[in-house]
2 protein chains.
Amino acid sequence: MARCQVDYAGRLTAHLPMATRVLMLKADGSVLIHADGGSYKPLNWMSPPCNLREGTTDDGDIEWMVSSPKSDDTLRILIFEILHDTSHELGIDPGLQKDGVEKHLQELLAEHPASLAPGLTLVRREFPTAIGPVDLMCRDSRGSSVAVEIKRRGEIDGVEQLTRYLELLNRDPLLHPVSGIFAAQLIKPQARVLAEDRGITCVTVDYDALRGIDDAEHRLF
Amino acid sequence: MARCQVDYAGRLTAHLPMATRVLMLKADGSVLIHADGGSYKPLNWMSPPCNLREGTTDDGDIEWMVSSPKSDDTLRILIFEILHDTSHELGIDPGLQKDGVEKHLQELLAEHPASLAPGLTLVRREFPTAIGPVDLMCRDSRGSSVAVEIKRRGEIDGVEQLTRYLELLNRDPLLHPVSGIFAAQLIKPQARVLAEDRGITCVTVDYDALRGIDDAEHRLF
DNA sequence: CTCTAGATCTCGGCC
DNA sequence: GGCCGAGGTCTAGAG
(Lines give C-alpha, C1' and ligand atoms only; values in the text may rest on other atoms or scores of the structure.)
Protein backbone atom coordinates (compact mmCIF):
# COMPACT_ATOMS: atom_id res chain seq x y z
CA MET A 1 0.00 0.00 0.00
CA ALA A 2 1.63 3.23 -1.02
CA ARG A 3 1.09 6.74 -2.23
CA CYS A 4 2.51 6.52 -5.70
CA GLN A 5 2.62 7.86 -9.22
CA VAL A 6 3.03 5.67 -12.30
CA ASP A 7 4.10 6.16 -15.90
CA TYR A 8 3.83 3.49 -18.57
CA ALA A 9 5.41 3.59 -21.99
CA GLY A 10 5.08 0.82 -24.54
CA ARG A 11 2.31 0.09 -26.99
CA LEU A 12 0.73 3.22 -25.58
CA THR A 13 1.78 5.79 -23.02
CA ALA A 14 -0.24 6.24 -19.84
CA HIS A 15 0.05 8.16 -16.61
CA LEU A 16 -1.36 7.66 -13.12
CA PRO A 17 -1.33 10.79 -10.93
CA MET A 18 -0.29 10.54 -7.33
CA ALA A 19 -2.74 8.58 -5.17
CA THR A 20 -2.86 5.74 -2.67
CA ARG A 21 -2.93 2.32 -4.30
CA VAL A 22 -2.10 -1.35 -3.88
CA LEU A 23 1.15 -2.49 -5.50
CA MET A 24 1.40 -6.25 -5.93
CA LEU A 25 4.69 -7.87 -6.91
CA LYS A 26 4.42 -11.50 -7.91
CA ALA A 27 7.04 -14.20 -7.74
CA ASP A 28 7.48 -14.21 -11.51
CA GLY A 29 8.43 -10.51 -11.44
CA SER A 30 5.12 -9.16 -12.68
CA VAL A 31 3.69 -6.00 -11.13
CA LEU A 32 0.06 -5.00 -10.58
CA ILE A 33 -1.24 -1.59 -9.52
CA HIS A 34 -4.77 -1.73 -8.14
CA ALA A 35 -7.26 0.93 -7.07
CA ASP A 36 -9.96 0.34 -4.48
CA GLY A 37 -12.63 -0.38 -7.06
CA GLY A 38 -13.24 -1.32 -10.64
CA SER A 39 -13.14 -4.88 -11.77
CA TYR A 40 -10.21 -7.28 -11.74
CA LYS A 41 -8.17 -5.33 -14.25
CA PRO A 42 -5.42 -3.30 -12.60
CA LEU A 43 -5.07 0.41 -13.35
CA ASN A 44 -1.66 -0.45 -14.73
CA TRP A 45 0.63 -3.45 -14.74
CA MET A 46 3.64 -5.21 -16.20
CA SER A 47 3.37 -8.75 -17.50
CA PRO A 48 6.03 -11.37 -16.89
CA PRO A 49 8.80 -11.76 -17.72
CA CYS A 50 10.09 -8.42 -16.49
CA ASN A 51 12.82 -6.95 -14.34
CA LEU A 52 12.46 -4.52 -11.44
CA ARG A 53 15.24 -2.09 -10.54
CA GLU A 54 14.91 -0.03 -7.39
CA GLY A 55 16.44 3.43 -7.21
CA THR A 56 16.07 6.79 -5.55
CA THR A 57 15.10 10.12 -7.09
CA ASP A 58 16.90 13.38 -6.39
CA ASP A 59 14.09 14.19 -3.96
CA GLY A 60 14.82 11.04 -2.00
CA ASP A 61 11.72 9.16 -3.14
CA ILE A 62 11.78 5.49 -4.08
CA GLU A 63 11.73 4.80 -7.82
CA TRP A 64 10.92 1.43 -9.34
CA MET A 65 11.83 0.89 -12.97
CA VAL A 66 10.11 -2.18 -14.39
CA SER A 67 11.08 -3.24 -17.88
CA SER A 68 10.37 -6.09 -20.23
CA PRO A 69 13.36 -7.86 -21.75
CA LYS A 70 11.50 -8.79 -24.96
CA SER A 71 9.31 -5.80 -25.73
CA ASP A 72 10.39 -2.23 -24.98
CA ASP A 73 7.64 -1.66 -22.43
CA THR A 74 8.63 0.19 -19.30
CA LEU A 75 6.81 1.07 -16.12
CA ARG A 76 8.10 3.74 -13.75
CA ILE A 77 6.66 3.79 -10.25
CA LEU A 78 7.46 6.66 -7.90
CA ILE A 79 6.70 5.84 -4.27
CA PHE A 80 6.19 8.80 -1.95
CA GLU A 81 4.93 7.03 1.13
CA ILE A 82 4.66 3.39 2.15
CA LEU A 83 1.53 2.71 4.20
CA HIS A 84 1.94 -1.03 4.48
CA ASP A 85 4.40 -3.61 3.23
CA THR A 86 4.26 -7.39 3.52
CA SER A 87 5.78 -10.33 1.69
CA HIS A 88 4.79 -14.00 1.47
CA GLU A 89 5.84 -17.07 -0.48
CA LEU A 90 2.74 -18.71 -1.95
CA GLY A 91 4.29 -21.51 -3.99
CA ILE A 92 2.88 -22.82 -7.24
CA ASP A 93 -0.89 -22.79 -7.46
CA PRO A 94 -2.71 -25.99 -8.45
CA GLY A 95 -4.79 -23.83 -10.81
CA LEU A 96 -8.40 -23.40 -11.77
CA GLN A 97 -10.57 -26.35 -12.78
CA LYS A 98 -13.21 -25.19 -15.25
CA ASP A 99 -16.34 -26.95 -16.33
CA GLY A 100 -19.03 -26.37 -18.87
CA VAL A 101 -18.87 -23.70 -21.54
CA GLU A 102 -19.16 -23.83 -25.30
CA LYS A 103 -17.63 -27.28 -25.43
CA HIS A 104 -20.48 -28.78 -23.41
CA LEU A 105 -23.03 -27.11 -25.69
CA GLN A 106 -21.25 -28.68 -28.67
CA GLU A 107 -21.34 -32.11 -27.02
CA LEU A 108 -25.06 -31.82 -26.31
CA LEU A 109 -25.89 -30.69 -29.85
CA ALA A 110 -23.68 -33.44 -31.28
CA GLU A 111 -25.83 -35.94 -29.38
CA HIS A 112 -29.08 -34.27 -30.40
CA PRO A 113 -28.59 -32.81 -33.90
CA ALA A 114 -32.31 -33.14 -34.63
CA SER A 115 -32.95 -30.38 -32.10
CA LEU A 116 -31.37 -28.00 -34.64
CA ALA A 117 -33.53 -29.15 -37.56
CA PRO A 118 -35.88 -32.14 -37.97
CA GLY A 119 -34.10 -35.15 -39.47
CA LEU A 120 -30.61 -33.71 -39.06
CA THR A 121 -27.92 -36.34 -38.38
CA LEU A 122 -24.31 -35.95 -37.30
CA VAL A 123 -21.43 -36.73 -39.69
CA ARG A 124 -18.69 -35.61 -37.31
CA ARG A 125 -17.70 -33.04 -34.68
CA GLU A 126 -14.76 -30.70 -35.32
CA PHE A 127 -14.86 -31.44 -39.04
CA PRO A 128 -11.44 -30.33 -40.32
CA THR A 129 -10.96 -27.73 -43.08
CA ALA A 130 -7.91 -25.79 -44.24
CA ILE A 131 -9.07 -22.71 -42.32
CA GLY A 132 -10.12 -24.41 -39.12
CA PRO A 133 -12.55 -27.00 -37.78
CA VAL A 134 -16.31 -26.79 -38.39
CA ASP A 135 -18.08 -27.39 -35.06
CA LEU A 136 -20.57 -29.94 -36.44
CA MET A 137 -20.85 -31.39 -39.92
CA CYS A 138 -24.28 -32.91 -40.47
CA ARG A 139 -26.63 -34.24 -43.13
CA ASP A 140 -30.22 -33.17 -43.52
CA SER A 141 -33.15 -35.51 -44.25
CA ARG A 142 -32.43 -35.30 -48.01
CA GLY A 143 -28.75 -36.20 -47.53
CA SER A 144 -27.33 -32.72 -48.16
CA SER A 145 -24.41 -31.43 -46.09
CA VAL A 146 -25.05 -28.93 -43.31
CA ALA A 147 -22.28 -27.07 -41.47
CA VAL A 148 -23.16 -25.96 -37.93
CA GLU A 149 -21.35 -23.20 -36.06
CA ILE A 150 -22.04 -23.14 -32.32
CA LYS A 151 -21.58 -20.13 -30.05
CA ARG A 152 -22.70 -19.31 -26.55
CA ARG A 153 -23.56 -15.84 -27.79
CA GLY A 154 -24.17 -15.43 -31.52
CA GLU A 155 -22.52 -12.28 -32.87
CA ILE A 156 -21.40 -11.02 -36.24
CA ASP A 157 -17.93 -12.56 -36.13
CA GLY A 158 -19.52 -15.99 -35.69
CA VAL A 159 -21.56 -15.46 -38.85
CA GLU A 160 -18.39 -14.39 -40.69
CA GLN A 161 -16.64 -17.50 -39.44
CA LEU A 162 -19.41 -19.79 -40.69
CA THR A 163 -19.55 -17.88 -43.99
CA ARG A 164 -15.83 -18.54 -44.57
CA TYR A 165 -16.33 -22.24 -43.86
CA LEU A 166 -19.33 -22.45 -46.18
CA GLU A 167 -17.50 -20.67 -48.98
CA LEU A 168 -14.62 -23.14 -48.71
CA LEU A 169 -16.77 -26.25 -48.24
CA ASN A 170 -18.93 -25.36 -51.24
CA ARG A 171 -15.87 -25.47 -53.50
CA ASP A 172 -15.68 -29.21 -52.81
CA PRO A 173 -17.84 -30.97 -55.44
CA LEU A 174 -18.23 -33.98 -53.14
CA LEU A 175 -19.87 -31.84 -50.47
CA HIS A 176 -21.65 -29.17 -52.53
CA PRO A 177 -24.26 -27.93 -51.80
CA VAL A 178 -23.48 -27.18 -48.14
CA SER A 179 -25.96 -25.11 -46.14
CA GLY A 180 -25.32 -23.47 -42.78
CA ILE A 181 -26.88 -23.38 -39.33
CA PHE A 182 -25.84 -20.77 -36.78
CA ALA A 183 -26.70 -22.09 -33.31
CA ALA A 184 -26.35 -20.10 -30.10
CA GLN A 185 -28.02 -19.62 -26.74
CA LEU A 186 -28.61 -16.01 -27.74
CA ILE A 187 -28.36 -14.48 -31.22
CA LYS A 188 -27.80 -10.73 -31.48
CA PRO A 189 -30.21 -8.98 -33.89
CA GLN A 190 -27.43 -7.73 -36.17
CA ALA A 191 -25.92 -11.20 -36.40
CA ARG A 192 -29.32 -12.66 -37.24
CA VAL A 193 -29.91 -10.14 -40.02
CA LEU A 194 -26.48 -10.81 -41.52
CA ALA A 195 -26.89 -14.58 -41.27
CA GLU A 196 -30.33 -14.65 -42.82
CA ASP A 197 -29.21 -12.27 -45.59
CA ARG A 198 -26.64 -14.94 -46.44
CA GLY A 199 -29.11 -17.80 -46.35
CA ILE A 200 -27.84 -19.13 -43.04
CA THR A 201 -30.45 -20.58 -40.68
CA CYS A 202 -30.41 -19.24 -37.11
CA VAL A 203 -31.32 -21.50 -34.20
CA THR A 204 -31.43 -20.37 -30.59
CA VAL A 205 -30.57 -23.22 -28.27
CA ASP A 206 -32.07 -23.76 -24.84
CA TYR A 207 -29.09 -25.11 -22.92
CA ASP A 208 -31.01 -26.20 -19.83
CA ALA A 209 -33.78 -27.91 -21.84
CA LEU A 210 -31.18 -29.72 -23.94
CA ARG A 211 -29.36 -30.86 -20.82
CA GLY A 212 -32.69 -32.05 -19.45
CA ILE A 213 -33.34 -34.17 -22.55
CA ASP A 214 -29.83 -35.55 -22.33
CA ASP A 215 -30.13 -36.46 -18.66
CA ALA A 216 -33.53 -38.09 -19.24
CA GLU A 217 -32.13 -40.25 -22.06
CA HIS A 218 -29.17 -41.35 -19.96
CA ARG A 219 -31.50 -42.39 -17.17
CA LEU A 220 -33.17 -44.85 -19.58
CA PHE A 221 -30.01 -46.97 -19.73
CA MET B 1 -3.08 -13.94 2.53
CA ALA B 2 -4.76 -17.19 3.35
CA ARG B 3 -4.89 -20.89 2.75
CA CYS B 4 -8.20 -21.20 0.99
CA GLN B 5 -10.42 -23.14 -1.37
CA VAL B 6 -12.81 -21.52 -3.83
CA ASP B 7 -15.90 -22.55 -5.78
CA TYR B 8 -17.53 -20.41 -8.44
CA ALA B 9 -20.91 -21.02 -10.01
CA GLY B 10 -22.46 -18.77 -12.60
CA ARG B 11 -21.77 -18.52 -16.30
CA LEU B 12 -19.58 -21.54 -15.70
CA THR B 13 -18.62 -23.59 -12.68
CA ALA B 14 -15.04 -23.63 -11.49
CA HIS B 15 -13.08 -24.91 -8.52
CA LEU B 16 -9.81 -23.91 -6.86
CA PRO B 17 -8.26 -26.60 -4.63
CA MET B 18 -6.80 -25.60 -1.30
CA ALA B 19 -3.66 -23.48 -1.56
CA THR B 20 -2.17 -20.26 -0.25
CA ARG B 21 -3.37 -17.19 -2.15
CA VAL B 22 -3.97 -13.47 -1.96
CA LEU B 23 -7.57 -12.42 -1.34
CA MET B 24 -8.27 -8.79 -2.18
CA LEU B 25 -11.54 -7.17 -1.13
CA LYS B 26 -12.20 -3.80 -2.71
CA ALA B 27 -14.30 -0.95 -1.41
CA ASP B 28 -17.02 -1.60 -4.01
CA GLY B 29 -17.44 -5.16 -2.70
CA SER B 30 -15.59 -6.92 -5.49
CA VAL B 31 -13.29 -9.81 -4.63
CA LEU B 32 -10.08 -10.94 -6.35
CA ILE B 33 -8.19 -14.19 -5.72
CA HIS B 34 -4.60 -14.04 -6.93
CA ALA B 35 -1.84 -16.62 -7.20
CA ASP B 36 1.87 -15.74 -7.06
CA GLY B 37 2.25 -15.70 -10.83
CA GLY B 38 0.39 -15.54 -14.07
CA SER B 39 -0.60 -12.23 -15.44
CA TYR B 40 -2.93 -9.63 -14.05
CA LYS B 41 -5.99 -11.84 -14.32
CA PRO B 42 -6.97 -13.37 -10.99
CA LEU B 43 -7.52 -17.11 -10.66
CA ASN B 44 -11.07 -16.28 -9.70
CA TRP B 45 -13.03 -13.16 -8.88
CA MET B 46 -16.39 -11.51 -8.39
CA SER B 47 -17.22 -8.29 -10.18
CA PRO B 48 -19.04 -5.43 -8.51
CA PRO B 49 -21.71 -4.97 -7.46
CA CYS B 50 -21.75 -7.93 -5.10
CA ASN B 51 -22.40 -8.79 -1.48
CA LEU B 52 -20.16 -10.68 0.93
CA ARG B 53 -21.59 -12.70 3.80
CA GLU B 54 -19.23 -14.22 6.32
CA GLY B 55 -20.11 -17.47 8.05
CA THR B 56 -18.58 -20.52 9.68
CA THR B 57 -18.60 -24.12 8.51
CA ASP B 58 -19.36 -27.08 10.76
CA ASP B 59 -15.60 -27.64 10.98
CA GLY B 60 -15.12 -24.14 12.34
CA ASP B 61 -13.54 -22.71 9.20
CA ILE B 62 -14.40 -19.28 7.86
CA GLU B 63 -16.77 -19.27 4.89
CA TRP B 64 -17.29 -16.29 2.62
CA MET B 65 -20.32 -16.33 0.36
CA VAL B 66 -20.08 -13.69 -2.34
CA SER B 67 -23.11 -13.20 -4.55
CA SER B 68 -24.22 -10.85 -7.27
CA PRO B 69 -27.61 -9.17 -6.84
CA LYS B 70 -28.27 -8.97 -10.61
CA SER B 71 -26.87 -12.19 -12.05
CA ASP B 72 -27.00 -15.48 -10.17
CA ASP B 73 -23.24 -15.77 -9.88
CA THR B 74 -21.91 -16.98 -6.56
CA LEU B 75 -18.44 -17.42 -5.16
CA ARG B 76 -17.77 -19.52 -2.07
CA ILE B 77 -14.43 -19.06 -0.34
CA LEU B 78 -13.39 -21.40 2.46
CA ILE B 79 -10.57 -20.01 4.58
CA PHE B 80 -8.54 -22.54 6.55
CA GLU B 81 -5.73 -20.32 7.77
CA ILE B 82 -5.09 -16.57 7.72
CA LEU B 83 -1.42 -15.76 7.18
CA HIS B 84 -1.81 -12.00 6.97
CA ASP B 85 -4.65 -9.53 7.09
CA THR B 86 -4.61 -5.79 6.55
CA SER B 87 -7.13 -3.13 5.60
CA HIS B 88 -6.75 0.38 4.14
CA GLU B 89 -9.00 3.09 2.78
CA LEU B 90 -7.63 4.26 -0.56
CA GLY B 91 -10.31 6.72 -1.63
CA ILE B 92 -11.36 7.32 -5.21
CA ASP B 93 -8.57 7.00 -7.74
CA PRO B 94 -8.00 9.86 -10.21
CA GLY B 95 -7.75 7.19 -12.91
CA LEU B 96 -5.54 6.38 -15.86
CA GLN B 97 -4.69 8.98 -18.49
CA LYS B 98 -4.14 7.24 -21.83
CA ASP B 99 -2.47 8.60 -24.89
CA GLY B 100 -1.93 7.45 -28.43
CA VAL B 101 -3.50 4.33 -29.85
CA GLU B 102 -5.52 3.70 -32.97
CA LYS B 103 -7.24 7.06 -32.66
CA HIS B 104 -3.96 8.93 -33.02
CA LEU B 105 -3.05 6.82 -36.05
CA GLN B 106 -6.40 7.75 -37.57
CA GLU B 107 -5.78 11.45 -36.91
CA LEU B 108 -2.34 11.30 -38.50
CA LEU B 109 -3.61 9.47 -41.60
CA ALA B 110 -6.55 11.88 -41.86
CA GLU B 111 -4.01 14.70 -42.07
CA HIS B 112 -1.78 12.85 -44.51
CA PRO B 113 -4.03 10.70 -46.73
CA ALA B 114 -1.50 10.86 -49.57
CA SER B 115 0.82 8.69 -47.49
CA LEU B 116 -1.65 5.84 -48.16
CA ALA B 117 -1.74 6.35 -51.94
CA PRO B 118 -0.45 9.17 -54.17
CA GLY B 119 -3.11 11.83 -54.80
CA LEU B 120 -5.51 10.50 -52.16
CA THR B 121 -7.58 13.23 -50.46
CA LEU B 122 -9.83 13.07 -47.39
CA VAL B 123 -13.61 13.35 -47.70
CA ARG B 124 -14.31 12.74 -44.00
CA ARG B 125 -13.28 10.78 -40.93
CA GLU B 126 -15.74 8.37 -39.31
CA PHE B 127 -17.93 8.31 -42.43
CA PRO B 128 -21.27 6.96 -41.19
CA THR B 129 -22.93 3.85 -42.65
CA ALA B 130 -25.82 1.71 -41.44
CA ILE B 131 -23.41 -0.91 -40.10
CA GLY B 132 -20.93 1.47 -38.47
CA PRO B 133 -18.51 4.27 -39.30
CA VAL B 134 -15.82 3.92 -41.97
CA ASP B 135 -12.51 5.17 -40.50
CA LEU B 136 -11.63 7.36 -43.49
CA MET B 137 -13.59 8.07 -46.65
CA CYS B 138 -11.34 9.44 -49.37
CA ARG B 139 -11.13 10.18 -53.08
CA ASP B 140 -8.34 9.05 -55.35
CA SER B 141 -6.70 11.16 -58.05
CA ARG B 142 -9.44 10.18 -60.54
CA GLY B 143 -12.22 11.18 -58.16
CA SER B 144 -13.32 7.64 -57.20
CA SER B 145 -14.31 6.83 -53.62
CA VAL B 146 -11.88 4.96 -51.40
CA ALA B 147 -12.82 3.53 -47.99
CA VAL B 148 -9.93 3.16 -45.54
CA GLU B 149 -9.96 0.85 -42.54
CA ILE B 150 -7.23 1.56 -39.99
CA LYS B 151 -5.90 -0.90 -37.44
CA ARG B 152 -2.88 -0.99 -35.21
CA ARG B 153 -2.50 -4.67 -36.08
CA GLY B 154 -4.08 -5.80 -39.31
CA GLU B 155 -5.79 -9.17 -38.89
CA ILE B 156 -8.52 -11.10 -40.67
CA ASP B 157 -11.41 -9.54 -38.78
CA GLY B 158 -10.31 -6.10 -39.95
CA VAL B 159 -10.44 -7.28 -43.55
CA GLU B 160 -13.92 -8.70 -42.95
CA GLN B 161 -15.03 -5.40 -41.45
CA LEU B 162 -13.78 -3.42 -44.46
CA THR B 163 -15.34 -5.97 -46.82
CA ARG B 164 -18.75 -5.44 -45.19
CA TYR B 165 -18.40 -1.67 -45.55
CA LEU B 166 -17.37 -1.97 -49.19
CA GLU B 167 -20.25 -4.29 -50.00
CA LEU B 168 -22.70 -1.82 -48.48
CA LEU B 169 -21.09 1.32 -49.92
CA ASN B 170 -20.99 -0.18 -53.40
CA ARG B 171 -24.77 -0.58 -53.37
CA ASP B 172 -25.00 3.24 -53.34
CA PRO B 173 -25.02 4.39 -56.99
CA LEU B 174 -23.73 7.82 -55.94
CA LEU B 175 -20.58 6.29 -54.45
CA HIS B 176 -20.03 3.26 -56.66
CA PRO B 177 -17.33 2.19 -57.45
CA VAL B 178 -15.75 2.22 -53.96
CA SER B 179 -12.34 0.63 -53.53
CA GLY B 180 -10.70 -0.28 -50.21
CA ILE B 181 -7.42 0.36 -48.43
CA PHE B 182 -6.48 -1.67 -45.36
CA ALA B 183 -3.93 0.34 -43.35
CA ALA B 184 -2.09 -0.95 -40.29
CA GLN B 185 1.26 -0.73 -38.57
CA LEU B 186 1.60 -4.44 -39.11
CA ILE B 187 -0.44 -6.66 -41.43
CA LYS B 188 -0.52 -10.38 -40.70
CA PRO B 189 0.25 -12.57 -43.74
CA GLN B 190 -3.15 -14.28 -43.68
CA ALA B 191 -4.96 -10.95 -43.50
CA ARG B 192 -2.90 -9.67 -46.44
CA VAL B 193 -3.74 -12.72 -48.55
CA LEU B 194 -7.46 -12.39 -47.80
CA ALA B 195 -7.44 -8.63 -48.48
CA GLU B 196 -5.60 -8.91 -51.77
CA ASP B 197 -7.82 -11.79 -52.85
CA ARG B 198 -10.72 -9.37 -52.44
CA GLY B 199 -9.03 -6.56 -54.34
CA ILE B 200 -8.28 -4.56 -51.19
CA THR B 201 -4.99 -2.67 -51.13
CA CYS B 202 -2.80 -3.22 -48.07
CA VAL B 203 -0.64 -0.42 -46.70
CA THR B 204 1.68 -0.79 -43.74
CA VAL B 205 1.99 2.49 -41.87
CA ASP B 206 5.15 3.71 -40.18
CA TYR B 207 3.70 5.44 -37.13
CA ASP B 208 6.91 7.12 -36.01
CA ALA B 209 7.75 8.38 -39.51
CA LEU B 210 4.22 9.73 -39.92
CA ARG B 211 4.45 11.47 -36.56
CA GLY B 212 7.78 12.91 -37.67
CA ILE B 213 6.24 14.35 -40.86
CA ASP B 214 3.38 15.75 -38.83
CA ASP B 215 5.68 17.37 -36.26
CA ALA B 216 7.87 18.84 -39.01
CA GLU B 217 4.85 20.37 -40.75
CA HIS B 218 3.57 21.88 -37.52
CA ARG B 219 6.95 23.43 -36.88
CA LEU B 220 6.61 25.33 -40.17
CA PHE B 221 3.76 27.41 -38.78
C1' DC C 1 6.59 -21.73 -32.99
C1' DT C 2 2.30 -19.54 -35.22
C1' DC C 3 -2.44 -18.86 -35.73
C1' DT C 4 -7.26 -19.18 -34.21
C1' DA C 5 -11.06 -18.46 -31.37
C1' DG C 6 -13.00 -17.96 -26.61
C1' DA C 7 -13.45 -15.09 -22.39
C1' DT C 8 -17.18 -15.26 -15.74
C1' DC C 9 -13.52 -11.19 -20.99
C1' DT C 10 -13.09 -5.57 -19.40
C1' DC C 11 -13.60 -0.97 -20.94
C1' DG C 12 -15.14 3.02 -23.38
C1' DG C 13 -18.10 5.33 -26.77
C1' DC C 14 -22.31 6.33 -28.80
C1' DC C 15 -27.12 6.10 -29.26
C1' DG D 1 -29.72 1.01 -20.54
C1' DG D 2 -28.22 -1.52 -24.74
C1' DC D 3 -25.09 -2.40 -28.61
C1' DC D 4 -20.60 -2.35 -30.74
C1' DG D 5 -15.65 -2.13 -31.27
C1' DA D 6 -10.99 -2.16 -29.16
C1' DG D 7 -7.69 -4.05 -25.91
C1' DG D 8 -0.66 -2.86 -23.55
C1' DT D 9 -6.33 -7.59 -24.55
C1' DC D 10 -5.09 -12.65 -22.02
C1' DT D 11 -5.40 -17.53 -22.57
C1' DA D 12 -5.86 -22.22 -24.17
C1' DG D 13 -5.61 -25.39 -27.98
C1' DA D 14 -4.47 -27.03 -32.56
C1' DG D 15 -1.30 -27.46 -36.40
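# Two protein chains and a DNA strand

In this model, 54 residues of chain B are in contact with 54 residues of chain A. The model is a predicted one. Together, chain B and chain A bury about 4,800 Å² between them, and 59% of this area lies on carbon and sulfur atoms. Asp36(B), Tyr40(B) and Leu90(B) supply 17% of the area that chain B buries against chain A, more than any other three residues.

**Bonds and contacts between the chains**

- The rule for salt bridges finds four of them across the interface of chain B and chain A.
- Asp93(B) forms a salt bridge with Arg21(A), and the closest N and O atoms of this pair are 2.5 Å apart.
- Polar contacts across the interface of chain B and chain A involve 19 residue pairs, with both residues at pLDDT 80 or more.

**The side of chain B that touches chain A**

- Several elements of chain B each supply at least two residues of this side, among them strand E3 (31-34), strand E8 (97-99) and helix H2 (156-169).
- The largest share, 12 residues, comes from E2(B), a strand that covers residues 13-25.
- By class, this side of chain B has 24 nonpolar, 17 polar and 13 charged residues.

**How the two copies are related**

- A turn of 178 degrees and a shift of 0.1 Å along the axis lay chain B on chain A with an RMSD of 0.5 Å.
- The two copies are therefore related as by a two-fold rotation axis.
- In chain B, the C-alpha nearest the axis belongs to Lys41(B) and lies 3.5 Å from it.
- The same surface serves both copies, as 94% of the contact residues of chain B recur in chain A.

**The surface near DNA strand C**

- Of the 21 residues around DNA strand C, those that come nearest are Lys151(A), Arg152(A), Arg11(B), Asn44(B) and Gln190(B).
- Strand E11 (145-154) and helix H2 (156-169) of chain A, together with E4 of chain B, each supply at least two residues of this surface.
- H2(A) gives the most, with three residues.
- By class, the surface near DNA strand C has eight nonpolar, five polar and eight charged residues.

**Atoms of DNA strand C that the protein approaches**

- Of the atoms of DNA strand C within 4 Å of the protein, 81% belong to sugar or phosphate, and the rest belong to bases.
- A polar side-chain atom of Lys98(A) lies 3.1 Å from a phosphate oxygen of DNA strand C.
- An N or O atom in the side chain of Ser47(B) is 3.4 Å from a phosphate oxygen of DNA strand C.
- For Trp45(B), a backbone N or O atom lies 3.3 Å from a base oxygen of DNA strand C.

Terms used: Residues numbered from 1 in each chain as written. Chains lettered and ligands numbered in written order. Predicted model: local features only at pLDDT ≥ 70, side-chain atom pairs only at ≥ 80, totals over all residues. Heavy atoms only, no water. Contact = heavy atoms within 4.5 Å. Buried area = accessible area lost by both parts, 1.4 Å probe. Salt bridge = Lys/Arg side-chain N within 4 Å of Asp/Glu carboxyl O. Polar contact = N/O pair within 3.5 Å; in protein donor to acceptor, adjacent residues only side chain to side chain. Helix = DSSP H or I, 4+ residues; strand = E, 2+ residues; numbered from the N terminus. Nonpolar A, V, L, I, M, F, W, Y, C, P; charged D, E, K, R; others polar. Least-squares fit on C-alpha atoms with pLDDT ≥ 70 in both. Near = heavy atom within 4 Å.
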